[in-house]
Amino acid sequence: MSDPLSEVVRLLRPQAVFANLISGKGNWAVRYSKFGKPSFCIMLEGSCRLAVDEQEPTTLSAGDFVLLPTTPGFTISSFVPAPPVHLDPNKVPEGLELRYGEQTGQPDMRSLGGSFEFGCADPSLLVSLLPKVVHVQGSTRLSQLVQMVGEEASGGKPGSEFMLSRLAEMLLVEAMRSSTSTSAPPGLLRGLGDERLAVALKHMHARIEQRWSVAQLARIAALSRSSFFERFTRTLGVAPMAYLLAWRMEIAKELLRRGELSVSEIAERTGYGSTSAFSVAFTRQVGQPPGLYALYASAERKRA
């Protein structure tokens, strides 16, 4: 059976880019301006206060992981903050440990920050799945991963850059797993948190080429047709067939970007009986015909 979350991660192809270690002692504060891209903070030691614009402030403690899918402006500080140091996240020097507050002595907190880049052309897929702030805490598995991150960050061993990136990607999956509840906005992650809908979603993802009907999916979910339709639409934010169309188009875009299959082969792979029907659906959903999308994707590959 297909694992939809694994499919999303494979489609995104995330890669962690680390900025630097941050430590603080005494009274201090750092104000970061809006970044706009997915970023994260891994708490290695101690605790501090995080205040994200338009969100309630929260306490970060050792072992916590925070993901900001769109990274608005935010302030990280001691619990009795000093006037903040203002930073542009696009201009933060990489590879250095930035120390705030008192410059000597054991710090009250240490954290490692960075951002995610994606091999796919549309990282908005991740943003659409998650709440504005994902704060994962109190997880033994997470604490173990954070401990490994701390060891790699301070050890200076060969291959540490690769290891840190892979560990951060595992933390991203843990953050997404933690959001399969009412904390996530309507979408796939919340749907996977509903045991009835999760079964139907796994079947849809496993066989996107099948001509699914609402009645078939309702039977798989052990719900009446009307109950399934209402529950699916409320939980995922779109009707079942609209969700299936959107996911087919995500798969089609990825296949077109790879440039390994013809448009007719991709049409068949995504459940369309003809190339023309696929082209009409793709153009309506994406805003350009598949051939043109593939051409632009090929040009992007060559520039990279």
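At 5% relative accessibility, E254 counts as buried, where buried means under 20% relative accessible area, exposed over 50%, and partly exposed in between, for a 1.4 Å probe and protein chains only. Salt bridges that share partners join E254 with R13, R257 and R258 into one network, a salt bridge being a side-chain nitrogen of Lys or Arg within 4 Å of a carboxyl oxygen of Asp or Glu. This is a predicted model, in which local features need pLDDT of at least 70 and side-chain atom pairs count only at pLDDT 80 or more, while totals for chains, interfaces and linings use all residues. Residues are numbered from 1 along each chain as its sequence is written, and side-chain values use heavy atoms, with hydrogens and water left out.

Within this network, E254 pairs with R257, their closest N and O atoms being 2.9 Å apart, and both residues are buried. The two lie 3 residues apart in helix α9 (residues 240-258), about one turn of the helix; helices (H or I, at least four residues) and strands (E, at least two) are DSSP runs, numbered from the N terminus. E254 also forms a salt bridge with R258, at 3.3 Å between the closest N and O atoms, and R258, at 46% relative accessibility, counts as partly exposed.

Elsewhere, D53 and R31 meet in a salt bridge of 2.8 Å, N to O. This pair links distant parts of the chain, 22 residues apart, since D53 sits in the loop between β3 (39-52) and β4 (58-61) and R31 in strand β2 (residues 29-32). D53 counts as partly exposed at 31% relative accessibility, and R31 counts as partly exposed at 22%.
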